[in-house]
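Biologist: I am new to looking at protein models, and I would like to understand one part properly. Could you take me through a single sheet and its surroundings, step by step?

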Amino acid sequence: MELALYSPGLGYYAAGATKLGHAGDFTTAPEMTPLFGHAAAKQVAAILAATEGRQVLELGAGTGALAASLLAGLEAASSLPSHYLILEPSPDLRERQRATLATQAPHHAAVVEWIDTLPASVDGAVIANEVLDAIPTHVVRRRQGAFFERGVAIAPEASPLHHGFVWDERPAPARLAALAQSRFPEVDDYVSELNPAAEALVEHLGRRLDSGAALFIDYGFPAHEYYHPQRAAGTLMCHYRHRAHDDPFVYPGLTDITAHVNFSAMASAGKRAGLEVGGFVAQAPFLLGCDLLEGLAAVGPPESVPYIKAASQVQKLLSPAEMGELFKVLALSRSPGIAWPGFALADRRHRL
Ligand SMILES: C[S@@+](CC[C@H](N)C(=O)[O-])C[C@H]1O[C@@H](n2cnc3c(N)ncnc32)[C@H](O)[C@@H]1O
């Protein structure tokens, strides 16, 4: 997964393919409509109001669509940040972000800065939309009481469609086996994912968050749903030209590979760094609490074409059959006294 997504010049996120948006392989919420970023701005503004530094740090900014709409929303709320830092490992996507911001938010150029590593300290709001699902994961199988890590082998007899790649297994290293033992249900022939790298990212980031809060938005579940006995084939998923499939050996480097996020593990990683869980809700109540419908109403009269288009995008963001329920928002905070409009309509912290 690491090589297929990130190897320089060849990996999905490190080579020139279009990736996000209508002409690419998948469309994220901020790509779909700026109303997502305008709504998220309400929660980000509330976090900034509780900090002195008023920085925003966005992880994995994709095409820059969220940065542009979030800055517009913060400007409308008279709550612009002192800095808008973007940590983006893909040089290709950095260029797209620069181009997006140059056309959509040229007057904010002075506050936007690209960084290569996590800053030593952050005083403000961190936001990461669909980033944790893109962090390379381990796939582990429980079979006859033992744990095996799934890996990739080359088999001459494998189909040309798979470039000679096949799944192979070896005994899981002790650390991974122990983690699987503590999380997987007692079901034989059970495959799922463990993502210590994503947990480490959240923990490292948490340690550097001096004050403020981080918002992680992604598809995923709390642990008891993630490792449900019936989810016996895991959550590894691929996207190629708006089709989802589960075969990572087809078009490696041209296909996005992801796994759902175990939000309980991310919350625990935050707690190890001394953070508190400020909130955990599905995307629909988060966006409703952040006035998404008020944003929609401001698009134009209900019979106008822009409104009708925006209403169908909002429906995708909110519908439980689309992104409203599968996507969750986790807030990890350092500061007391933050207002949580996005978490006011529902509270699923007890399910973590
Ligand atoms: C699925 S895209 C989401 C893009 C964007 N946030 C959006 O919602 O449209 C995943 C993004 O995460 C970035 N990414 C991957 N690993 C990362 C890491 N360790 N730190 C920060 N960003 C990362 C990718 O390069 C890409 O920009």
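What follows is a walk from the sheet outwards to the rest of the chain.

Modeller: Happy to! Please keep in mind that this is a predicted model. Let's begin with the sheet made of four strands, which is open and has the order 7-6-5-8, with antiparallel pairing. At its edges are strand 7 (165-171) and strand 8 (190-194), each of which has a partner on one side only. Neighbouring strands here are not lined up exactly: on average they are turned by 40 degrees against each other, direction ignored.

Now zoom in on one pair. Strand 5 (residues 138-143) and strand 6 (residues 146-154) run antiparallel and are joined by five bridges. Within this pair, Val140 of the chain stands opposite Glu149 in strand 6.

Val140 also leads us to the packing. In the largest nonpolar core there are 81 residues, and helix 3 (residues 34-49) gives the largest share, nine residues. A second, separate core has ten residues, including Val140, Phe148, Tyr190 and Val191.

Finally, let's place the sheet in the whole protein. The domain assignment gives domain 2 as 138-194, while domain 1 is made of 2-136 + 196-351. The C-alpha centres of the two domains lie 29 Å apart. Where they touch, 14 residues come from domain 1 and 15 residues from domain 2. On the domain 1 side of this contact, eleven residues are nonpolar, two are polar and one is charged.

Methods: Residues numbered from 1 in each chain as written. Predicted model: local features only at pLDDT ≥ 70, side-chain atom pairs only at ≥ 80, totals over all residues. Pairing = 2+ DSSP bridges. Helix = DSSP H or I, 4+ residues; strand = E, 2+ residues; numbered from the N terminus. Axes fitted to C-alpha atoms, helices over the stretch in contact; angles between N-to-C directions. Core = buried A, V, L, I, M, F, W, Y, C linked by C-beta atoms within 7 Å. Buried ≥ 20, exposed ≤ 12 C-beta atoms within 10 Å, placed from the backbone. Domains from an automatic or database assignment. Contact = placed C-beta atoms within 7 Å. Nonpolar A, V, L, I, M, F, W, Y, C, P; charged D, E, K, R; others polar.
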